[in-house]
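Here is a short set of exercises to work through with the model open beside you. Try each task before reading its solution.

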There are 2 protein chains.
Amino acid sequence: MSSLPSRATVYEVGLRDGLQNEARLVPTSEKLALVHALLGTGLRRLEATSFVSPKWIPQLGDADELARELPPSSGVDFGALVPNVRGLKRALRYPQITTVAVFLSASETHNRHNVNRSIAESLKGFAEVIPAARAAGRDVRAYVSTVWGCPFEGQVDPKKALDIAVELHRLGATQISLGDTIGIGNPGQIARLCELFLERLPAGALALHLHDTRGTALANALMGLMAGITTFDASVGGMGGCPYAPGASGNLATEDLVYMLHGLDIETGIDLSKLVDAGLVARRVAGRDLPGRYLTAAVAERRVARAKAEANRGA
Amino acid sequence: MSSLPSRATVYEVGLRDGLQNEARLVPTSEKLALVHALLGTGLRRLEATSFVSPKWIPQLGDADELARELPPSSGVDFGALVPNVRGLKRALRYPQITTVAVFLSASETHNRHNVNRSIAESLKGFAEVIPAARAAGRDVRAYVSTVWGCPFEGQVDPKKALDIAVELHRLGATQISLGDTIGIGNPGQIARLCELFLERLPAGALALHLHDTRGTALANALMGLMAGITTFDASVGGMGGCPYAPGASGNLATEDLVYMLHGLDIETGIDLSKLVDAGLVARRVAGRDLPGRYLTAAVAERRVARAKAEANRGA
């Protein structure tokens with residue numbers, strides 16, 4: 001355990017990856033309340049929205065309204081997905097959006113299904129988007145999904161995912177987030193793939209985007225930490241589900257991640273108790289109980305504490 | 001990852017630790033249906049019930065009726081909790097009960113709260129129970145709870161837990177199961193405590209009883225595996241909750257554990273698909289959706305597959 005980093009970055013994706021997989025169409029004002037709750041925890045990197053067509057993702061159809069209202073806080077990095085140059089141009093209107101993100105899949109079938117392009121066509125588009133974003137002073141995240149398995153193709157060749165990541169890095173992406181899109185990865189795979197990627201890319205250029213669909217997300221994050229990865233994507237409360245198995249869990253819950261990191265004496269700059277408060281806001285925003293384990297336990301503990309306090313007042 | 005064992009033992013505690021924390025009073029016949037479903041998965045070590053007073057745990061008030069009907073399968077080890085010599089005598093009536101289990105806490109306050117005895121008094125009682133059980137040809141499990149933290153005292157001195165475990169081993173306990181009763185442990189602690197315990201006890205004499213209250217159970221199990229532990233307690237579907245925070249998750253779900261173990265190429269002798277079938281039986285037995293992540297995902301996937309099959313038939 002001596003090889004663990006002393007600090008890790010939590011990249012909050014609930015407002016984008018979470019909400020785009022929630023059924024409820026959330027008013028912009030409620031999203032902004034969640035943004036402020038999350039900023040109150042100490043989180044400094046938040047993906048806020050996506051400049052895709054509202055026809056594709058109606059949940060994020062208010063991207064412009066939301067981006068306009070994002071607080072211009074120094075030291076806070078807001079991100080937004082941009083599918084193409086048109087999306088990038090929209091994002092660049094907002095100085096608060098300091099990171100734009102492109103996305104593709106390591107599986108041809110999943111990429112075709114998701115964006116109706118081949119992987120080569122996606123990369124060709126990014127060859128325009130990424131340098132333009134960097135020239136405009138933005139950082140660029142690149143999501144590579146289905147690295148640990150594809151809902152259509154099953155196993156994915158790690159070397160193919162690696163070649164894609166190396167190409168994205170060459171094009172100027174500042175960070176490549178490797179996605180276990182269907183939450184199928186296991187710690188052994190994570191260790192092997194991290195080793196493979198770290199042979200050709202610096203640790204700081206990589207992030208892990210883990211899903212907790214089968215309960216393995218924290219064990220996988222632990223292997224990532226041991227391998228040297230220090231940025232992890234997570235969604236407040238575990239907001240968002242698995243689009244391929246409605247009802248199953250999706251994103252790793254931010255509280256679960258932060259709880260483990262702090263237990264390992266890894267600093268995040270995040271106040272876990274305030275993160276629970278933000279989780280309560282997220283529950284209201286999603287309009288449902290969220291699957292995050294730590295949040296669920298904290299809510300239950302607060303309920304017990306309230307009942308005790310009331311009993312004491314009554315006595 | 002090269003140091004991982006090639007085989008691990010899953011000790012199924014759903015029928016006892018799970019059901020005693022479920023609200024529903026389950027008829028014996030339904031428990032037996034779950035026993036048979038679990039045996040069908042390849043599981044060979046199951047804790048079936050507890051010979052405590054029905055006044056304490058009404059959910060397990062049918063211990064005799066259940067024990068009488070347990071299938072006398074060769075190679076299957078059924079376990080039962082025995083609080084004292086009286087409980088042991090009841091358990092010894094049933095040849096199928098090949099393991100009896102004693103239990104105490106590493107925290108004085110928790111032990112007092114749970115069994116109304118000091119730790120020394122508990123150990124004194126076990127000095128009678130354990131040798132008598134061994135003399136009757138039974139294996140003895142000893143549960144040490146709150147090793148990673150106590151709901152009343154907070155932190156627990158690991159050296160105290162270790163002294164208790166060493167004494168239990170000296171008294172003849174065949175396996176000591178170290179419990180993270182409130183699911184508060186983190187992988188760093190697990191690694192340190194396993195190292196400490198393994199200095200004085202052989203790995204085969206230890207098991208980890210992990211709770212997933214804060215989502216860390218599998219990450220903790222992974223650290224246990226790396227330290228050399230090869231037996232892990234788990235509950236089908238994650239049945240049972242956290243008695244200190246009603247609504248929160250309790251036991252690590254057996255399917256989540258088996259999914260991770262198989263992904264790490266660690267043999268368990270368990271058929272994961274049949275374990276999902278058993279999880280569906282457990283849902284009916286508990287009368288509620290269970291929190292296990294893998295089970296939830298498998299149920300969702302089966303629903304999607306059924307809908308597709310129906311759509312194809314309709315087309």
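A residue counts as buried if 20 or more other C-beta atoms lie within 10 Å of its own, and as exposed if 12 or fewer do. Keep in mind that this is a predicted model. Chain A averages a pLDDT of 96, with 99% of the residues scoring at least 70, and the model scores ipTM 0.95 and pTM 0.97.

**Exercise 1. A helix and the loop after it**

Task: Find how many residues of H10(A) are buried, then work out whether A:Asp265 is buried or exposed.

Solution.
- Step 1. Begin with the helix: 8 of the 10 residues of H10(A) are buried, and the helix is mostly covered.
- Step 2. List them. The buried residues are A:Thr254, A:Glu255, A:Asp256, A:Leu257, A:Val258, A:Tyr259, A:Met260 and A:Leu261.
- Step 3. Move on to A:Asp265, which sits in the loop between H10 and helix H11 (272-286) of chain A.
- Step 4. Count around A:Asp265: 11 other C-beta atoms lie within 10 Å, so this residue is exposed.
- Step 5. Check the backbone. A:Asp265 has a positive phi, near 60°, although the residue is not glycine.
- Step 6. Look at chain B as well: B:Asp265 has a phi near 60° and is exposed, with 11 other C-beta atoms within 10 Å.

**Exercise 2. Two helices of chain B**

Task: Determine how the axes of H10(B) and H11(B) cross, and which residues make the contact.

Solution.
- Step 1. The two axes come within 10 Å and cross at roughly 170°.
- Step 2. Angles over 145 degrees count as roughly antiparallel, so H10(B) is roughly antiparallel to H11(B).
- Step 3. From H10(B), the contact takes B:Thr254, B:Glu255, B:Val258, B:Tyr259 and B:His262; H11(B) contributes B:Leu272, B:Leu275, B:Val276 and B:Gly279.
- Step 4. Sort these residues by character: 5 are nonpolar, 3 polar and 1 charged.

**Exercise 3. Where the chains meet**

Task: Describe the side of chain A that touches chain B, and say which element gives its largest share.

Solution.
- Step 1. Start with the totals: 33 residues of chain A are in contact with 34 residues of chain B.
- Step 2. Helices H8 (187-200), H9 (217-227), H10 (254-263) and H12 (293-314) of chain A each give two or more residues to this side.
- Step 3. H12(A) provides the largest share, 7 residues.
- Step 4. By character, the residues on this side of chain A are 17 nonpolar, 10 polar and 6 charged.

**Exercise 4. The relation between the copies**

Task: Work out which rotation and shift superpose chain A on chain B.

Solution.
- Step 1. Two copies of a chain are related by a rotation about an axis and a shift along it.
- Step 2. Here the rotation is 180° and the shift along the axis is 0.0 Å, with an RMSD of 0.0 Å.
- Step 3. This is therefore the relation of a two-fold axis.
- Step 4. The C-alpha of chain A nearest the axis belongs to A:Ala219, at 1.9 Å.
- Step 5. Both copies use the same surface, as 100% of the contact residues of chain A recur in chain B.

**Exercise 5. One residue of helix H9**

Task: Decide whether B:Asn220 is buried or exposed.

Solution.
- Step 1. B:Asn220 lies in helix H9 (residues 217-227) of chain B.
- Step 2. With 31 other C-beta atoms within 10 Å, B:Asn220 is buried.
- Step 3. Leaving aside neighbours within four places in sequence, B:Asn220 is in contact with B:Asp180, B:Gly185, B:Pro187, B:Ile190 and B:Leu210.

Definitions and conventions:
Residues numbered from 1 in each chain as written. Chains lettered and ligands numbered in written order. Predicted model: local features only at pLDDT ≥ 70, side-chain atom pairs only at ≥ 80, totals over all residues. Contact = placed C-beta atoms within 7 Å. Helix = DSSP H or I, 4+ residues; strand = E, 2+ residues; numbered from the N terminus. Nonpolar A, V, L, I, M, F, W, Y, C, P; charged D, E, K, R; others polar. Least-squares fit on C-alpha atoms with pLDDT ≥ 70 in both. Axes fitted to C-alpha atoms, helices over the stretch in contact; angles between N-to-C directions. Parallel < 35°, antiparallel > 145°, perpendicular 65-115°, else oblique. pLDDT = per-residue confidence, 0-100.
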